[in-house]
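Colleague: I am new to reading structures, and I would like to know the reasons behind the words people use. Could we go through one together?

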Amino acid sequence: MELSKQFYIFANDIFVMGVTYDNSEKKFVFDFEHDGTEDIVSLTGNGYQVEAFGKCFYYGYEFSEQVDGPVRSAFIKYVKFTEELQDTPDLTKFIKKAVDNLGKQINLYDYDLVVMPESSSKVNQYMLRYIYRFAQPTLRKMELIKALPASISFDMDAYEQSYLNDVLENGRPRYTPAQKEEAKKSINAMLDLIHQKDYFTIAKDVKKSRFRPYMMNFLRFASDEDAELCSKIRHQNVLVIDDVTTSGSTLNEILRTLRILNEDNEITIFSLIGRKDLMAESL
């Protein structure tokens, strides 16, 4: 894959930096002294805070529109899966700058709980350790892990209310009772297949499915103690963090898992690399 392009990362009044891909050495090279008009990813400025998922959503970096798929994928892979993150100062500085910028937007001392998804990437754990520098000593961390495929369920009541009970302009039902039953049989057959698959195959298959918003229990708390504690926490500030947000399906599932326990907490979302067009209704 040819990645000879030069691209830059910069932020208004915070820092400037450029990144190039050294094709001969097969590595990314960070330059913290320059920015330019050819940026493919940048620290977010005025668009740092957006309304997404029905919550306050902050994100550190965003790719520019001219970035092609291979370059974007290669950079995400580099950020997420560098093995020795602690020994890669450019990447750790990349992460710290985003968290520092977050700290300028919200008061991290005010947060009581951090929730993040299980990930093979070390970025979330590094962000968490850095956030602890700002947070009060009582800040708790909770991790949501991938559930067994057999645990995945379907919210038939919500689907029926949203689709199967739809009416035409003349007020007549769009679907007959027989059609509704046929749809339910198809969904149950789909669930039977899902229960036989592995998690990653499921995630890939249903990511863009119209059924995705009604499928539940993709994630669960790492321990029963965490789930019980989260159910009892009321009217506190919760920070949800994730490394890279593309479709928003992981964050959406985290929020759903939290809302099942209670809806009394003030939830803020932060993603190291995100998208400003992630609106709840588009998921």
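Modeller: Happily! This is a predicted model, and the mean pLDDT of the protein is 80, with 82% of its residues reaching 70 or more.

Colleague: Which element has the lowest mean pLDDT, and which has the highest?

Modeller: Strand E1, residues 6-11, has the lowest mean at 38, while strand E12, residues 237-244, has the highest at 92. Over residues 1-15 the pLDDT is below 50, although the model gives this stretch 63 contacts beyond near neighbours in sequence. Residues 279-283 also stay under 50, and there the model has 12 contacts beyond four places in sequence.

Colleague: How many helices and strands does the protein have?

Modeller: There are eight helices and 13 strands. Of the 283 residues in the protein, 45% are buried. Among contacts with a separation of 6 or more, 73% join residues 24 or more positions apart.

Colleague: Let's take single residues, then. Why is Ser121 called buried?

Modeller: Set the value against the cut-off: buried means under 20% relative accessible area. Ser121 has 5%, so Ser121 counts as buried. You can find Ser121 in the loop between strand E7 (113-117) and helix H3 (123-131).

Colleague: What makes the link between the side chain of Ser121 and the backbone oxygen of Lys80 a polar contact?

Modeller: The distance is one part of the test: a pair of N or O atoms has to lie within 3.5 Å. The side chain of Ser121 reaches the backbone oxygen of Lys80 at 2.9 Å, so the pair is within that limit. Leaving out residues up to four places away in sequence, Ser121 touches Lys80, Phe81 and Asp243.

Colleague: Is Ile40 buried or exposed, and how do you know?

Modeller: The same step works here: Ile40 has 6% relative accessibility and the cut-off for buried is under 20%, so Ile40 counts as buried. Ile40 is in the loop between strand E3 (27-31) and strand E4 (41-43). Its C-alpha is 7.5 Å from that of Glu65, a residue 25 places apart from Ile40 along the chain.

Colleague: Why is Tyr132 called partly exposed?

Modeller: Partly exposed lies between the two cut-offs, under 20% for buried and over 50% for exposed. Tyr132 has a relative accessible area of 35%, so Tyr132 is partly exposed. This residue is in the loop between H3 and strand E8 (140-146), and beyond four places in sequence Tyr132 touches Leu139, Arg140 and Lys141. Tyr132 and Val114 are 18 residues apart in sequence, and their C-alpha atoms are 9.9 Å apart in space.

Colleague: And what makes Asp100 partly exposed?

Modeller: Asp100 has a relative accessible area of 26%, which is not under 20% and not over 50%, so Asp100 is partly exposed. Asp100 is placed in helix H2, residues 89-105, and touches Tyr130 and Phe134, not counting residues up to four places away in sequence. Between the C-alpha atoms of Asp100 and Gly60, which are 40 residues apart along the chain, there are 9.5 Å.

Colleague: Where does His235 lie, and is it buried or exposed?

Modeller: His235 lies in the loop between helix H7 (224-232) and E12. With a relative accessible area of 66%, His235 is over the 50% cut-off and therefore exposed. His235 also has a positive phi of about 55 degrees, although it is not a glycine.

Colleague: What is the phi of Asn217?

Modeller: Phi of Asn217 is near 70 degrees, a positive value in a residue other than glycine. Asn217 is in the loop between strand E10 (215-216) and strand E11 (219-221). At 31% relative accessibility, Asn217 falls between 20% and 50%, so it counts as partly exposed.

Colleague: How many cavities of 30 Å³ or more are there, and what lines the largest cavity?

Modeller: The count is one cavity of 30 Å³ or more. The largest cavity has a volume of about 80 Å³. Lys55, Cys230, Val238, Leu258, Arg259, Asn262, Glu263, Asn265 and Ile267 line the largest cavity.

Colleague: What kinds of residue make up that lining?

Modeller: The lining of the largest cavity divides into four nonpolar, two polar and three charged residues. Cys counts as nonpolar, so Cys230 belongs in the nonpolar group.

Terms used: Residues are numbered from 1 along each chain as its sequence is written. Side-chain values use heavy atoms; hydrogens and water are left out. Helices (H or I, at least four residues) and strands (E, at least two) are DSSP runs, numbered from the N terminus. Buried means under 20% relative accessible area, exposed over 50%, partly exposed in between (1.4 Å probe, protein chains only). A polar contact is a pair of N or O atoms within 3.5 Å; within protein, one must be able to donate a hydrogen and the other to accept it, and residues adjacent in sequence count only if both atoms are side-chain atoms. Contact means heavy atoms within 4.5 Å. On a 1 Å grid over the protein atoms alone, a cavity is a set of points where a 1.4 Å probe fits but cannot get out, and a pocket is an open set with protein on both sides within 12 Å along at least five of seven lines; lining residues have an atom within 4 Å of a point. Grid points are joined across faces, edges and corners, and a volume is the space filled by probe spheres set on the points. pLDDT is the predictor's confidence in each residue, from 0 to 100.
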